[in-house]
Amino acid sequence: MIDLATLPAAANRLAGADWRLCVTPESAWATPAEMDPDADWVPAQVPGTAAAALEAAGRFSRENPTPLHDKDVWYRCSVAPSKPGTHVFRCDGLATVCEAWIDGAPLLASDSMYQPLEVAFDLEGPAELVFCFRALTPHFAKKGPRARWRTRLVDEPGLRMVRSTLLGHMPGWCPSVHAVGPWRAMTLAAASDVLLHDLSVRAALRADGTGELTVSLRPGEAFAAGARIACAGVEAPLHAQVDGRLAATLELPDIAPWWPHTHGTPALHEVRLVGGGHDRLLGRTGFRRIEVDRGPDGNGFALLVNGVPVFCRGAVWTSADICALPGTRDAYRPWLELARDAHMNMLRIGGTMAPESPAFFELCDEFGILVWQDLPFANFDYPASDPDFAAKVARETADLLAASSASPSLAVICGGSEMHQQGAMMGLPEERWRGALSEEILPGAAAGARPDVPYVANSPSGGAMPFSPNAGIAHYYGVGAYRRPLEDARRANVRFAGECLAFSNVPEPGAVSELAPCHHPDWKRGVPRDRDVGWDFEDVRDHYLRELYGIEPLELRYGDPAAYLDHGRAAVAEVMEATFAEWRREGSGCGGALVWTFQDLMPGAGWGVVAHDGTPKSAWHGLRRAFAPLCLTVTDEGTNGLDIHLQNDGPDARPLRLEIACLREGQMAVASGAEVVEMPAHGSLSLPATRLIGAFFDTTLAFRFGPPSHDCVHVRALDPQTGTVLDEAFHFPLGRGRAARGAKIAAEVVATPEGGWCLHLSTDRVAQSVAIRDEAFLALDNGFHLAPGAVKRVELRRRASAPAEARPRGQVVPLAGLPVPYAAG
């Protein structure tokens, strides 16, 4: 395939082309010759989707979508060559069954949303390019090898035979927005402008710190002899290979390695084509080594990056926009910045979603975010015994992975989502749900394209049952959908959660319609649910609200809907923080966990920890605290007392001063202590709270010797030189609902030297789940507990929608407390 980055800017004859779109009944026109001259055409953006074009024209609603897979969708535009002769046309993705013509002559045909195509043809003058995306309805009815099981996840069983995303076909999970159209980039260039084809950049890091870079390509007509590859001050000539390609290998001693941003610097290095009249940036790459650690019992799953254990934490990515399915840096950037700012170091692109473009990986490279790539297979028993299907998906896989060959962020390749689980949960024996697709076809293609990336057969997989959490990769919903107690996160011995902790996460106030809050049909439309069950994920959130606060959710919703939503926001954040405290502590066998999901696909209280409009929810803030590279947490160990856990993911060792205070009525210290500890680089530490106090004290109130002495334990880690609070943790031995109330909070808006704003907060006693609400500014920490005796500084970031002259003005609202207004002077 043509490498787009190596084309001259003027070479792409489709850049800025005037595309138009028309929707017709199925099979209304067979060829462009039959197009009705009076048909209704609307402007269309390419790359893009029919849904996005129709939405822009006011003819489609993502909140009440009309079907598109039962219609034909036509695109057309005029092209004019800058010079006559052979041209090369490339398209990176056509959704899904498509035919194309150039001036009425057949150009190409495609039956896979994921397969890039490239064709060459003569173009002597202006011509019309026409595409028809055929209705999928007749293809759903085609017969294939008999399925060994069926899934209830998808509304159209025939999708197992069609290479298209499941997005839009999962009732209760996402709106029914069907993917149709030229959703990925198109290029039309004169062959004489093409510098190279099929660029492959492979970077590796040896154990001795030497980087090894291999670059191969097929020269185009614009390629000149004598070219070399340059990287990090080292050059090597390109040599001809037996298959007609050119290749160069460079050795780079002591190269700066690439790290996840939580563990170091995601160093990237330019790869350039130089000499022979060329000086062209081919891309950037990073040098890293990824290995899988199965643990001493062989049943674990954890990643070693450059020989260092990395606890992988983050979420399952959905889409930057379910209508447009965009693939640009601008579309991805705000979302990925939020992932990085929440200290996420891994995102998983699930098999139910749509693969993302190279721009996604390039930004993850820059931000130091690992990517777990499910191949686009999920839940179905796919017809792998069909030779044509097997060849098609092997080619898709090789091309998909080759597109990001230079990206160090790609960390795991997975054969897909829940195929093994689906068959096993239906009672089929193992030989029925395992098969050639994920065991032979896909790993073979993956190994050829990205030999530097570990492959796993399926998510979940690896245990006595593929979904057993105590071995391999789990989809863990013990805490969450199955309403298990918080202790189950430890009892289940989760080794790695490819997805976990699904809740109906309440967005910020005002983010969705709150007419008859929480039970209006408009509200319930945004609450996710599994198909054909008698509950939804709001019921799951209510369960933990009851467990954590001792409040009946129904009564609270009846009497005070706003307080009900506030408690729901707080409960989700508390559950997530407590669960990750278990999984990240020293001695845990868990190698990582990814929350379901990163962002909502529609307005409402969806699974996303970020709302559909990019606004973080309470879950995002809770995860940001739980995921911090320098993290302090506590766990209740019963009669063993309270344990304090520290993690230092960073590359530098550092001393920390730990302080503990057991507070009565949230303000009076009845026991306290402190100690300076040395935290190793990339290390962890656990110690009992009594070590700081210096004597026995019933921190967890497990022994019940007389009336309770305290209702809160506050632990904090400080820089011993400056006294700056680096992190803090809270424990409520009587439960959150019985902890002290009535805190008096003071809030002051302070201008920062950088020209921004922050809040300085103080309190006379512990205030729980303090929310900062400001229409113009986003608080980078929110829903936190506030302790007496110190001032907490919270950075305020101007919202994208806020005017430049806006100044902070809002409220600080503790859970079950009175709001405290603030405003910049």
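## Salt bridges and nonpolar cores

At 8% relative accessibility, arginine 495 counts as buried, because the limit for that label is under 20% relative accessible area. This holds for a predicted model, and the residue makes a good starting point for a look at charged pairs.

Side chains of opposite charge can pair when their charged atoms come close. Arginine 495 has such a partner in aspartate 297, with which it forms a salt bridge whose closest N and O atoms are 3.0 Å apart. Arginine 495 lies in the loop between α9 (488-491) and β27 (497-500), while aspartate 297 lies in the loop between β18 (290-293) and β19 (302-305), so the salt bridge ties together parts that are 198 residues apart in sequence. Unlike buried arginine 495, aspartate 297 counts as partly exposed, at 44% relative accessibility.

A search of the whole structure finds 57 salt bridges, and the table sets out three of them.

| Salt bridge | N to O distance | Separation in sequence |
|---|---|---|
| Arginine 495 and aspartate 297 | 3.0 Å | 198 residues |
| Glutamate 577 and arginine 625 | 3.1 Å | 48 residues |
| Aspartate 649 and arginine 584 | 3.1 Å | 65 residues |

In the second pair, glutamate 577 belongs to helix α13 (residues 561-584) and arginine 625 to helix α14 (residues 618-626), and the salt bridge links these distant parts of the chain. Glutamate 577 is partly exposed, with a relative accessible area of 21%, whereas arginine 625, with 16%, is buried. These two residues also take part in a network of salt bridges that links them with Glu728, Asp781 and Lys792.

Helix α13 appears again in the third pair, since it holds arginine 584, while aspartate 649 lies in the loop between β30 (642-648) and β31 (654-664). Here both aspartate 649 and arginine 584 are buried.

From charged side chains we turn to nonpolar ones. In soluble globular proteins, nonpolar side chains tend to be buried together. In this model the largest nonpolar core has 171 residues, and those with the most contacts inside it are Trp19, Phe89, Phe131 and Phe598. Helix α13 gives the most to this core, with ten residues.

Phenylalanine 598 can be followed in detail: leaving aside its neighbours within four places in sequence, phenylalanine 598 is in contact with residues including Ala315, Val316, Trp317, Trp335, Leu338 and Met344, and also with Gly608, Val609 and Val610. Apart from the largest core lies another one, of 25 residues, among them Leu195, Leu205, Ala227 and Cys231.

Definitions and conventions:
Residues are numbered from 1 along each chain as its sequence is written. This is a predicted model: local features need pLDDT of at least 70, side-chain atom pairs count only at pLDDT 80 or more; totals for chains, interfaces and linings use all residues. Side-chain values use heavy atoms; hydrogens and water are left out. A salt bridge is a side-chain nitrogen of Lys or Arg within 4 Å of a carboxyl oxygen of Asp or Glu. Helices (H or I, at least four residues) and strands (E, at least two) are DSSP runs, numbered from the N terminus. Buried means under 20% relative accessible area, exposed over 50%, partly exposed in between (1.4 Å probe, protein chains only). A nonpolar core is a set of buried Ala, Val, Leu, Ile, Met, Phe, Trp, Tyr and Cys residues joined through side-chain atoms within 4.5 Å. Contact means heavy atoms within 4.5 Å.
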